[in-house]
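Okay, thanks everyone for coming. I'll walk you through one chain today, so have a look at it on the screen and then we'll get going.

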Amino acid sequence: MSHSPDGRRSSPARSPEAVVAAARRLADEVLFPASLAVDNGERPASELLDVLAAEGLYGLHVPADLGGLGLGREAVQLVMEQLASGCLTTTFVWVQHLSTAAVVADADGPVREEWARRLAEGSRRAGIAFSHLRHPDPPALTVTPVKGGYRVDGRAPLVTGWGMVDAVHVATRLGPDVVWLLVDAVEGPTLTATRLELAAVNASATVALSFAGHLVPEGRLTRVEPLSEWRERDAAGLRTNGFLGLGVARRCAALLGSEEIGRELDDLRSALLGASEREVAAVRARVTRFTLEAAAALVASLGGRSMVRDSHAQRLGREAMFLLVQGQTAAIRAAQMEELAEGLRERPS
Ligand SMILES: Cc1cc2nc3c(=O)[nH]c(=O)nc-3n(C[C@H](O)[C@H](O)[C@H](O)COP(=O)(O)OP(=O)(O)OC[C@H]3O[C@@H](n4cnc5c(N)ncnc54)[C@H](O)[C@@H]3O)c2cc1C
């Protein structure tokens, strides 16, 4: 351990390559062997989240003086791909935490004092509720300033990690602004979680979260920003979700022993890393189609055995389907529909 200027211990510096290699080892040796049991609900994903925290992966973006690894965007994306090749459910729950840890590290006031280091170390875990911001008005979640804090009303339709996270970073609307609040993940008379039964990544414990005059102390405010600025950041951030698909495809290629799929994967990774903002939706669509086809090839190669619940093929097939809608925006939906239609047109008559 080294020490930061305020005398606190900070993590020793690790190169991006070393962190990606550690993620690959964890994916192959810990996550993948547990993935079917996690998917079936026989083993809690929280056990694997603890392993990721012990490896320092909860603070990837966070500066070292706050207990994080201080990695840049590209290294974070490569870590995501590795982990997704091990267990998508665990990786999906973990991913929800990352931006919150970075925002809280960058915030002012009590929320940073109390939460920044704990989030970076993974001793406290966060989920996030923001995708409703992509919907047209009226806002799904509104906030009203009250004495000592904020009152939140409305519904977040998809919040992952319930029961595994200590807090949810909730995007609420106040007129043209987005007000972000770190809300304790504890049900009560004004906060209700309704579990969704999912066809894939069911063990991610995804809920719809309803707020009925829920009070949040003022010390839990992390950020206020215009919705227009958030929309720009959202569009720029959509590249990252594609690495989950590359991870699923990577596992399919490994199980198939296919060098050809492996080479195509390398090309797609380069395309995703290098795409301009205008190109991202089209490359994401290519990743989605590639992931679906890699999973389909695995299922077909194994025949009927692939349908048995302890076959990785059926799990990966359902996960490839899930990745069609996860992290989707109108632009990505349109690009995916075009890509899939093109695939149908390419079929020999
Ligand atoms: C299993 C699962 C877990 C997820 N977990 C999280 C999470 O933890 N946190 C998080 O923030 N997001 C989460 N998401 C959301 C995800 O990231 C995508 O944003 C979402 O899946 C996109 O959904 P969609 O394609 O159905 O589009 P949607 O955004 O739901 O919308 C579909 C279309 O309908 C329109 N529409 C939707 N609602 C309205 C409305 N009220 N009025 C008028 N038009 C409307 C939209 O504009 C769009 O054109 C999760 C999704 C899934 C499937």
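Let me start with a question: in which loop does V201 lie? It's the one between β8, residues 191–195, and β9, residues 207–217. Before I say more about that loop, please keep in mind that this is a predicted model.

So, V201. The backbone there has a positive phi of about 45 degrees, and V201 is not a glycine. Is V201 buried or exposed? It's buried, with 25 other C-beta atoms within 10 Å. The cut-off for calling a residue buried is 20 or more, so V201 makes it.

The β8–β9 loop has another residue of that kind, A205. Again it's not a glycine, and again phi is positive, at about 50 degrees. A205 is buried too, with 24 other C-beta atoms within 10 Å.

While we're on backbone oddities, there's a cis peptide bond to show you. It joins D137 and P138, and omega is about 10 degrees. Where does P138 lie? You'll find P138 in the loop between β3, which is 126–129, and β4, which is 141–146.

Okay, back to β9, and to a residue in that strand, V216. V216 is buried, with 23 other C-beta atoms within 10 Å. Which residues is V216 in contact with, leaving aside its neighbours within four places in sequence? Those are G149, Y150, V152, L181 and V183. For a sense of scale, take V216 and E319: they're 103 residues apart in sequence, and 35 Å separate them C-alpha to C-alpha.

Let's zoom out to domains. The assignment splits the chain into domain 1 at 13–124, domain 2 at 127–226 and domain 3 at 238–345. How far apart are the centres of domain 2 and domain 3? Taken over C-alpha atoms, it's 30 Å. As for what touches what, 4 residues of domain 2 are in contact with 5 residues of domain 3. On the domain 2 side of that contact, you've got 3 nonpolar residues, 1 charged and no polar.

Now the helices. A quick reminder on the vocabulary: a packed pair is described by the angle between the two axes and by the distance between them. I've got three pairs for you.

Pair one is α1, residues 16–39, with α2, residues 45–54. Their axes come within 10 Å and cross at roughly 170 degrees. That makes the two helices roughly antiparallel, and the crossing is left-handed. Who's meeting whom? From α1 we have L26, V30, L31, A34 and V38, and they meet A45, L48 and V51 in α2. By class, that contact has 8 nonpolar residues, with no polar and no charged ones.

Pair two is α8, residues 259–274, with α9. Here the angle is about 160 degrees, and the axes are 10 Å apart. So α8 and α9 are roughly antiparallel to each other, and α8 passes α9 in a left-handed crossing. On the α8 side the contact is made by I261, E264, L268, A271 and L272, and on the α9 side by V283, R286, V287, F290 and A294. The class count for this one is 8 nonpolar, no polar and 2 charged.

Pair three takes α9, which runs over residues 280–302, and packs it with α10, residues 312–322. The angle is about 155 degrees, with the axes 9 Å apart. Why do I call this pair roughly antiparallel? Because angles over 145 degrees count that way. The crossing of α9 past α10 is left-handed. In α9, the residues T291, L292, A295, L298, V299 and L302 meet A313, L316, G317 and A320 in α10. That contact divides into 8 nonpolar, 2 polar and no charged residues.

One more residue and then I'm done: A84, in helix α3, residues 73–86. A84 is buried, with 29 other C-beta atoms within 10 Å. What is A84 in contact with, beyond its neighbours within four places in sequence? The list is T91, F243, L244, G247 and V248. And if you compare A84 with P33, those two are 51 residues apart in sequence and 13 Å apart in space, C-alpha to C-alpha.

That's what I wanted to show. Happy to rotate things around if anyone wants another look.

How values were computed
Residues are numbered from 1 along each chain as its sequence is written. This is a predicted model: local features need pLDDT of at least 70, side-chain atom pairs count only at pLDDT 80 or more; totals for chains, interfaces and linings use all residues. Axes are lines fitted to C-alpha atoms, for helices over the stretch in contact, and angles run from 0 to 180 degrees between N-to-C directions. Helices (H or I, at least four residues) and strands (E, at least two) are DSSP runs, numbered from the N terminus. Angles under 35 degrees count as roughly parallel, over 145 as roughly antiparallel, 65 to 115 as roughly perpendicular and the rest as oblique. A crossing is left-handed if the near helix is turned anticlockwise from the far one by less than a right angle, and right-handed if clockwise. Two residues are in contact if their C-beta atoms, placed from the backbone, lie within 7 Å. Ala, Val, Leu, Ile, Met, Phe, Trp, Tyr, Cys and Pro count as nonpolar, Asp, Glu, Lys and Arg as charged, and the others, Gly among them, as polar. A residue is buried if 20 or more other C-beta atoms lie within 10 Å of its own, exposed if 12 or fewer, and partly exposed in between; C-beta atoms are placed from the backbone. Domain bounds come from an automatic or database domain assignment.
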